[in-house]
Amino acid sequence: AVVSTQSTGEQEVKELRETAQTEESRYHFLMHSKQLLELEQQKVEEELAVYKNPDPAARKQSLREQYNRKILEQDNLGKALRAKQKTVREQHVPNVAQMAMWRDLTTLLTCKTNTLSRLQQKEVETGGENILIL
């Protein structure tokens, strides 16, 4: 009976320690969460103080103004990129045609070079006859 009572007491102590450890862990978690919320509250209050400040130089430091400035910069960048994209689209067809003409020109010049080489070779073989080259 004494052993049974002792093991029951040990089991109860073990359960209470586990409960205490769980509650202590929960306490630390809640305290950390509270600290984070207090920091966030402090940031909000600082932002409101800057926003309510009548000095325009101080207002430029507010997060709202910084984000609005960044949004405006990105909008302007987007407009510039859209304009550039429009220019590229407009010039694409003429540029493709120009590339085709350039390719044709290089082909033509290659043919002329090959023809000239063959004619010079024939001239050497035939003994230097006068040949008109176009």
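**Close-up views of a three-helix model**

**Figure 1. Overall view, with few buried residues.** Only a small share of this protein is hidden: buried residues make up 2% of its 134 residues. Please keep in mind as you browse that this is a predicted model. The secondary structure consists of three helices and zero strands, and the order of elements from the N terminus is α-α-α. The C-alpha trace extends over about 130 × 65 × 20 Å along the principal axes. Its radius of gyration is 43 Å, whereas a compact globule of 134 residues would have one near 14 Å.

**Figure 2. The surface and the charges of the whole protein.** Here we look at what the protein shows to its surroundings. The accessible surface amounts to about 12,500 Å², and carbon and sulfur atoms account for 58% of that. The protein carries 20 positive and 20 negative charges, and the mean positions of these two sets lie 11 Å apart.

**Figure 3. The salt bridge between E38 and K34.** How many salt bridges does the structure hold? There is one, and its partners are E38 and K34, with 3.6 Å between the closest N and O atoms. That distance qualifies because the cut-off for such a pair is 4 Å. In general, side chains of opposite charge can pair when their charged atoms come close. Both E38 and K34 belong to helix α1, which covers residues 2-52. They sit four residues apart, about one turn of the helix. Are the two partners buried or exposed? E38 has 43% relative accessibility, so this residue counts as partly exposed. K34 also counts as partly exposed, because its relative accessibility is 45%.

**Figure 4. A nonpolar patch on the surface.** Which residues form this patch? They are W102, L105, L108 and L109, and together they offer about 430 Å² of accessible area. L109 makes a handy landmark for this view; this residue is part of helix α3, spanning residues 63-126. With a relative accessible area of 45%, L109 is partly exposed, since that label covers values between 20% and 50%.

**Figure 5. From V96 to E125.** This last view starts at V96, a residue placed in helix α3. V96 counts as partly exposed because its relative accessibility is 40%. How far is the C-alpha atom of V96 from that of E125? The two atoms are separated by 43 Å, and the residues are 29 apart along the chain.

Methods. Residues are numbered from 1 along each chain as its sequence is written. This is a predicted model: local features need pLDDT of at least 70, side-chain atom pairs count only at pLDDT 80 or more; totals for chains, interfaces and linings use all residues. Side-chain values use heavy atoms; hydrogens and water are left out. A salt bridge is a side-chain nitrogen of Lys or Arg within 4 Å of a carboxyl oxygen of Asp or Glu. Helices (H or I, at least four residues) and strands (E, at least two) are DSSP runs, numbered from the N terminus. Buried means under 20% relative accessible area, exposed over 50%, partly exposed in between (1.4 Å probe, protein chains only). Patches are made of residues with over 30% relative accessible area and no salt bridge: like charges are joined within 9 Å, nonpolar side chains (Val, Leu, Ile, Met, Phe, Trp, Tyr) within 5 Å. Accessible areas come from the Shrake-Rupley method with a 1.4 Å probe; for residues, only the protein chains shown count as cover. The radius of gyration is taken over C-alpha atoms; the globule rule is 2.2 Å times the number of residues to the power 0.38. Lys and Arg count as positive and Asp and Glu as negative; His and the chain ends are not counted. The place of a charge is taken as NZ of Lys, CZ of Arg, CG of Asp or CD of Glu.
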